[in-house]
Amino acid sequence: MTTACSSAGRDTAPDPSTAAADAEAGWFGDQPVDPSAKTGRVHAVFDSVARRYDLMNDLMSGGIHRLWKRRFIDRIAPRDGRTVLDVAGGTGDIALAMVRRAPAAEVIVCDLTEAMVRVGRDRMIDQGVADQIRPVVGNAEQLPLPDRSVDTYTIAFGLRNVSRIDTALREARRVLRPGGRFFCLEFSRVTDPALERLYQAYSFQVIPRIGAVVARDRDSYRYLVESIRRHPDQAALAGRMEAAGLARVAYENLTFGVAAIHSGWRL
Ligand SMILES: C[S@@+](CC[C@H](N)C(=O)[O-])C[C@H]1O[C@@H](n2cnc3c(N)ncnc32)[C@H](O)[C@@H]1O
């Protein structure tokens, strides 16, 4: 497993206002935090949930996350010989699905939390594909990869955890080769108000309870729910992707907007 390196002198789009970025980074779920402390708090959450993460995903979503991920992989359509970087790759669901589709693709998984990467690494060994996937511990805001080095950048249920989303989007563009594609799967905004009320009730009443019983960690699952509500909606995220220099930005809602796939190009 390799670890992060510095990002000096990189090929990134201009920095947007840091005041707005600090305001966003100043929230850990619904708790105000010092912006410099947020990444450490997020790391602690995933360190705590790593061993129960896959089971909890199935319980919380009733398995729907698997359908969303399948749709995500269909949209990415990974190909042999291409380099794919899966950021915030966690326990490796996306990377594993990619090597099943394209066994001769070069797949790199980068995640902030070593505990998550280790669980993913064990799954890759169990499934006999450890040689095809390179795990890296690193931050989406400062990727340990050279400029223009990957064909496809993917991030699934990771962007809302990143302290500075705009910095991560500019990093995505930096590491993409011209002609490369960006794909993000993330919770988003339910489009129907009645469904949205039901969904909020489920999220805030049920998910932290499942977290308390199964993972013995109500607070981490409360953070996950709160972070979903704070994440930018479909149109706002699309606008921020464009501001980061990505082109031909589009999105597709999944399950009435509970989740969405955003895509864009580095031209
Ligand atoms: C909800 S999990 C998603 C894991 C996986 N992509 C999936 O879909 O199952 C979020 C992951 O984002 C990682 N993460 C959070 N902040 C990050 C950052 N700044 N850079 C890289 N990874 C980060 C966490 O360690 C965690 O593994």
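Val107 makes a good place to begin: leaving out residues up to four places away in sequence, Val107 touches Val84, Asp86, Ala95, Met98, Val99, Gln132 and Ile133. Contact here means that the C-beta atoms of two residues, placed from the backbone, lie within 7 Å. The model is a predicted one, in which local features need pLDDT of at least 70, side-chain atom pairs count only at pLDDT 80 or more, and totals for chains, interfaces and linings use all residues. Residues are numbered from 1 along each chain as its sequence is written.

Val107 also belongs to the largest nonpolar core, which has 69 residues and in which Leu85, Met98 and Val107 touch the most other members. Such a core is a set of buried Ala, Val, Leu, Ile, Met, Phe, Trp, Tyr and Cys residues joined through C-beta atoms within 7 Å. A residue counts as buried if 20 or more other C-beta atoms lie within 10 Å of its own, as exposed if 12 or fewer do, and as partly exposed in between, with C-beta atoms placed from the backbone. The core lies between domain 1 (68-188 + 231-267) and domain 2 (189-228), because both give residues to it. In soluble globular proteins, nonpolar side chains tend to be buried together.

The domain assignment of the chain gives domain 1 (68-188 + 231-267) and domain 2 (189-228), with bounds that come from an automatic or database domain assignment. The contact between them takes 11 residues from domain 1 and eight residues from domain 2. The side of domain 1 that touches domain 2 has three nonpolar, six polar and two charged residues. In this classification Ala, Val, Leu, Ile, Met, Phe, Trp, Tyr, Cys and Pro count as nonpolar, Asp, Glu, Lys and Arg as charged, and the others, Gly among them, as polar. The C-alpha centres of the two domains lie 24 Å apart.

Turning to the chain as a whole, there are 10 helices and 10 strands, where helices (H or I, at least four residues) and strands (E, at least two) are DSSP runs numbered from the N terminus. The radius of gyration is 17 Å, close to the 18 Å that the globule rule gives for 267 residues, so the chain is as compact as a globular protein of that length. This radius is taken over C-alpha atoms, and the globule rule is 2.2 Å times the number of residues to the power 0.38. The C-alpha trace spans about 45 × 45 × 35 Å along its principal axes. Of the 267 residues, 43% count as buried. Among contacts with a separation of 6 or more, 69% come from residues 24 or more positions apart.

The ligand has 21 residues around it, of which Ala88, Gly90, Leu112, Thr113 and Ala140 come nearest; a residue is near a molecule or strand if its C-beta atom, placed from the backbone, lies within 6 Å of it. By class, this shell has 11 nonpolar, seven polar and three charged residues. Helices H2 and H5 (93-101) each supply at least two residues of the shell, and H2 gives the largest share, three residues.

His43 lies in that same helix, H2 (residues 38-49). Outside its neighbours within four places in sequence, His43 is in contact with Leu112 and Thr113, both listed among the residues that come nearest to the ligand. The C-alpha atoms of His43 and Glu114 are separated by 9.1 Å, although the two are 71 residues apart along the chain. His43 counts as partly exposed because it has 18 C-beta neighbours inside 10 Å.

Two further helical residues are worth a look. Tyr223, in helix H9 (residues 218-230), counts as buried, with 23 C-beta neighbours inside 10 Å. Beyond four places in sequence, Tyr223 is in contact with Phe28, Gly29 and Val45. Val214, in helix H8 (residues 193-214), is partly exposed, with 14 C-beta neighbours inside 10 Å. Val214 touches Arg52, Leu55, Met56 and Leu59, not counting residues up to four places away. Val214 and Met56 are 158 residues apart in sequence but 7.4 Å apart in space, C-alpha to C-alpha.

Finally, two residues other than glycine have a positive phi. Arg248, in strand S9 (residues 247-254), has a phi near 45° and counts as exposed, with 10 C-beta neighbours inside 10 Å. Phe256 has a phi of about 60° and sits in the loop between S9 and strand S10 (259-265).
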